[in-house]
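Colleague: I should be grateful for a close look at one part of this model, namely the sheet and what is packed around it. Please place it first within the chain as a whole.

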Amino acid sequence: MHFLFKEEPTNYSYDAFAKDGKATWTGVKNPVAQRNLRSVKKGDLVFYYHTGDEKQIVGIAEVIREAYADPTDPKGVFKAVDMKAVKPLPKPVTLKEIKADKRFEKFALTYMPRLSVMPVEAEWWEAIVEMSEKPLS
C-alpha cells in the first residue's frame, strides 16, 4: 500500500528528514488519520507532503516500523510509525496540479485538506510519480 503523510516544512521539512535519514512519525491525533496510520505496514511507501504555504508532495519515504505506542503520548492512546527517507521527487507535485486533474477527484487530499495521514491508491501513486518527472512548463 501507499500513503501520504503531511508535515509543515517549517516544523520538519523533507530536506531535514532526508538529512536525518529516518524519523519517528508522532503526534497524529485525528481519529481518521490514526486509523490510517494503524494500517501502515513495514515496507509501505509514503509521499511526504509539505503543508502550509507550499501544499505540495516533495518526497518519498518508506515505513521501517509499523504502528506502535506513540512515545509522545503520555496516555498511550495514539500510535506512531518509523520511516526512512527514500528520495525527493524530481519536481514537487502541487495540490493545485492534483486538484486540476480529474483522476484525483476521489483522492482524500482534494476534499479533506486537514487529514494528515491518508491512503494513496496505486493509480494515484503512479500518476503523481509521473507528474513529478515531467519538466516544468
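Which pattern does the chain follow when read along the sequence?

Modeller: This is a predicted model, and the description below rests on that footing. Read from its beginning, the chain follows the pattern β-α-α-β-α-β-β-β-α-α-β-α, and its secondary structure comes to 6 helices and 6 strands.

The 6 strands form an open sheet with mixed pairing, in the order β2-β5-β4-β3-β1-β6. At its edges lie β2 (22-25) and β6 (117-120), each of which pairs on one side only. Direction ignored, neighbouring strands of this sheet are turned by 35° against each other on average. As a general point, strands of a sheet pair through backbone hydrogen bonds, in either a parallel or an antiparallel manner. Here, strand β4 (residues 56-69) and strand β5 (residues 79-94) run antiparallel and are joined by 10 bridges. One residue pair illustrates this arrangement: Ala69 has Lys79 in β5 as its bridge partner.

Helix α6 (residues 122-133) packs on the sheet. The strands touched by α6 are β1 (2-7), β3 (45-50), β4, β5 and β6. The direction of α6 makes about 45° with that of β5.

The aromatic side chains add a further element to the picture. In the whole structure, a search finds 9 aromatic pairs. One of them is formed by Trp25 and Tyr48 in an edge-to-face arrangement, with 5.5 Å centre to centre and 85° between the planes. Because Trp25 lies in strand β2 and Tyr48 in strand β3, the pair ties together parts that are 23 residues apart in sequence. Trp25 and Tyr48 are both buried. They also belong to one aromatic cluster, which is formed by Phe5, Tyr12, Tyr14, Phe17, Trp25 and Tyr48.

Returning to the whole chain, buried residues make up 47% of its 137 residues. Of the contacts between residues at least 6 apart in sequence, 67% join residues at least 24 apart. The chain exposes about 7700 Å², of which carbon and sulfur atoms supply 52%. Its C-alpha trace spans about 50 × 30 × 30 Å along the principal axes. The radius of gyration is 14 Å, which agrees with a compact globule, because a globule of 137 residues would have a value near 14 Å.

Methods:
Residues numbered from 1 in each chain as written. Predicted model: local features only at pLDDT ≥ 70, side-chain atom pairs only at ≥ 80, totals over all residues. Heavy atoms only, no water. Pairing = 2+ DSSP bridges. Helix = DSSP H or I, 4+ residues; strand = E, 2+ residues; numbered from the N terminus. Axes fitted to C-alpha atoms, helices over the stretch in contact; angles between N-to-C directions. Contact = heavy atoms within 4.5 Å. Rg over C-alpha atoms; globule rule 2.2 N^0.38 Å. Buried < 20%, exposed > 50% of the residue type's maximum accessible area, 1.4 Å probe, protein only. Areas by Shrake-Rupley, 256 points an atom, 1.4 Å probe, with all protein chains shown as cover. Phe/Tyr/Trp six-rings, centres within 6.5 Å; stacked < 30°, edge-to-face > 60°.
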